[in-house]
Amino acid sequence: MPMKIGDHSFDQRVSKGLGETHMRETVRSAQGRLHTNKSKAEEDLGNWEDWRTLSEEIRSHTLENLDYYLEQLSDNVIKNGGHVFFAETAEEANQYVKEVAVKKEAKKIIKSKSMVTEEISMNEALERAGAEVIESDLGEYILQIDDHDPPSHIVAPALHKNKEQIRETFERLKGYDKTSKPEELTQFAREQLRQEFLEADIGITGCNFAVAESGSVSLVTNEGNARLATTIPKTQISVMGMERIVPTWEELDVMVSMLCRSAVGQKLTSYVTGLSGPREEGDLDGPEEFHLVIVDNGRSNILGTAFQSALHCIRCAACINVCPVYRHVGGHSYGSIYPGPIGAVLSPLLEGYDDHKDLPYASSLCAACTDACPVKIPLHEHLIEHRRIIAEEEKKTTRGETYAMKGFSVTSSSPRLFDMATRAAPIMSSPFTKEGTIDKGPGPLKGWTDVRSFPAPEKERFRDWFKSRKKEDS
Amino acid sequence: MKVSLFITCLGDVFYPGVGKDVVELLERYGCEIDFPGEQTCCGQPAYNSGYHKDTKKTAKHMIQTFEHAEYVVTPSGSCAVMFKEYPSLLKDEPRWKQRAEELSAKTYELTQFLYRVLKVNDTEASLQARATYHTSCHMTRLLGETEAPYELLSNVRGLQLKELPNKQNCCGFGGTFAVKMTPISEQMVDEKVEHIEETEAEILIGSDSGCLMNIGGRIDRLNKPVKVMHIAQVLNSREA
């Protein structure tokens, strides 16, 4: 189960998350900062809603014609002298990458940030094959040296750690002896990583968007590590989810702008790299060999379903950055490498409900995610659709809930029963009522009254008042 | 103008006083209030929990109940949004879908109806107090109504309205979310209460009884000196 993190139950994870004061402070302040920056970036661009509409059109056109664009991409990569491998499963993708590593007798592999390689647990597969894999994205590097702590955010994987915790990790595991100033911490990581870049036999990257018309891979980073990972090692492997593709450079322009603004509130990140295959004669740098691994791993099952637009996702994390649930529980509580609203939608789609059936309920359906999404994925509607499948098709809800909802629906579709139930409410609740409120509710009310008081039903309902008023009038 | 009032289940049972203010407000602008007695609940708890087959029965009942209406007005942004979900809920039954679309098109949240249909921006209310307004999520994001409540509140005599910090964040109600994910909901409502306190407001105003029941319930439990009022009560306040 590669996406799944740990074996604790959802409730255990949430309770741990809620107890992590440092993490919650860090997340709270990051959300505040990112909210401000994104709003400013939207304003700077102007006509944000029109850009969202255009982006949604680009994504949905591409997904509707995915077979065409994937073929075009593949043809062009090969034309450029690269190799393409379509992996149906995580195992196939890892097997292919392993074979390249073995053929190249690779001892050291340097990676730039990639969520899809997390999804398929590629590092573990390569390590089992005897290669040393080094993450070069600063956040990923911190997590990797800290005993492979899993990412808690798709853009800022080490978001759950504050600078003091990072200093402590560096000190404990790498002999760092300076302060927790971000500049000093970064300088240290940079020195550690520089040597690794120079020694690496293979560079592995993700892919923000592949461009079909030219067979190119684009990489969006702020650290420049992807540039080093694609210029120094002799072999480059890029791994992409099969949906991460745009038709032409014109659409790439739009999508990169939306990605940078939505993810970090920047007009552009410090580095936006476009790579088209291995080095050609006369090139000063670049790999001698280039492989593009296109990963399905459950994605094609989403095509043609009510969830297709979930594949429009460009992994900007805007939904995570506004989510009030994520804000309090943090990324690890989701138990998947894809946390937050998009994670709650994607994880059950890619890995099934057995391990992820609580996630669609980890939302108040406030729709902040839907509102924030630069490609207009109706995230909260997808969460409701998951709940529908869990309740009506998989029948995985508790018997208590099923009965309660059946009872509710029967009552609310029958005026006579509704009248009886609401008329009886004050009498039924009177044993629990004190001074107009209920402080210890029975049954399903308990969760409510554990933290809040519940109002007692009024003796005279609105409808009774309205009726008697009408009588008086006439 | 004839207005059919959808009072909502919470409004009927727990907050009849809010309904009285709604009636008085609308009557002041010449509306004749029709209260279809067959009305029940919009069905949102079952819908959001995924029980869509069951919700369809509720939806059809409500469509029939309000079929005769010229305008449907409800003092809840969230319940108005649920009416607007009916067409997609009934998308596989073309005739019902058509009827659902008709209901959806004539449904308004109270402040939206006052401001956009009746063109009222001053209800001539007066209330001497420091207050803050909670923008409920469904009303702002799904119904798209962000102006009406602020416009109307800005003209209440004596009311000092202070903006709620992080107003865009959900209060943690979310219907069944509040009882299903209690520990998370608790943190969300606590943060909301913290922000309300920061404004030093004496009154918290909102347009959705669900949110107000949640925040108000927490305020009550924590013994905070903040009074909770539905916007209909504020807009119908008359002080000497």
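Okay, one definition to start: when I say exposed area, I mean accessible area from the Shrake-Rupley method with a 1.4 Å probe. And keep in mind that what's on screen is a predicted model.

With that in hand, chain A. Chain A exposes about 21,000 Å², and carbon and sulfur atoms supply 50% of that area. The C-alpha atoms of chain A fill a box of roughly 95 × 55 × 45 Å, if you take it along the principal axes. In secondary structure terms, we've got 22 helices and 13 strands in chain A. Chain A has 474 residues, and buried ones make up 57% of them. On contact order, take the contacts in chain A between residues at least 6 apart in sequence: 73% of those join residues at least 24 apart.

Let me zoom in on one residue, Glu243(A). Where is it? Glu243(A) is in the loop between strand E7 (235-241) and strand E8 (245-246) of chain A. So is it buried or exposed? Buried, because its relative accessibility is 2%, and the cut-off for buried is under 20%. What does its side chain pair up with? The side chain of Glu243(A) makes a polar contact with the side chain of Arg299(A), at 2.8 Å. If you skip the neighbours within four places in sequence, Glu243(A) is in contact with Arg59(A), Leu63(A), Leu66(A), Arg299(A), Leu311(A) and Arg315(A).

Right, on to the interface. Here 67 residues of chain B are in contact with 65 residues of chain A. Between them the two chains bury about 5,700 Å², and carbon and sulfur atoms give 61% of that.

How about the polar side of things? The rule finds 9 salt bridges across the interface of chain B and chain A. Lys180(B), for instance, forms a salt bridge with Glu401(A), where the closest N and O atoms are 2.4 Å apart. There are also 32 residue pairs in polar contact across the interface, counting pairs with both residues at pLDDT 80 or more.

Which pieces of chain B are doing the touching? Elements giving two or more residues to that side include helix H2 (16-28), helix H4 (52-65), helix H10 (177-180) and helix H12 (209-221) of chain B. H11(B) gives the most, with 9 residues. By residue type, the side of chain B that touches chain A divides into 27 nonpolar, 25 polar and 15 charged.

That's my bit, happy to take questions.

Technical notes: Residues numbered from 1 in each chain as written. Chains lettered and ligands numbered in written order. Predicted model: local features only at pLDDT ≥ 70, side-chain atom pairs only at ≥ 80, totals over all residues. Heavy atoms only, no water. Contact = heavy atoms within 4.5 Å. Buried area = accessible area lost by both parts, 1.4 Å probe. Salt bridge = Lys/Arg side-chain N within 4 Å of Asp/Glu carboxyl O. Polar contact = N/O pair within 3.5 Å; in protein donor to acceptor, adjacent residues only side chain to side chain. Helix = DSSP H or I, 4+ residues; strand = E, 2+ residues; numbered from the N terminus. Nonpolar A, V, L, I, M, F, W, Y, C, P; charged D, E, K, R; others polar. Buried < 20%, exposed > 50% of the residue type's maximum accessible area, 1.4 Å probe, protein only.
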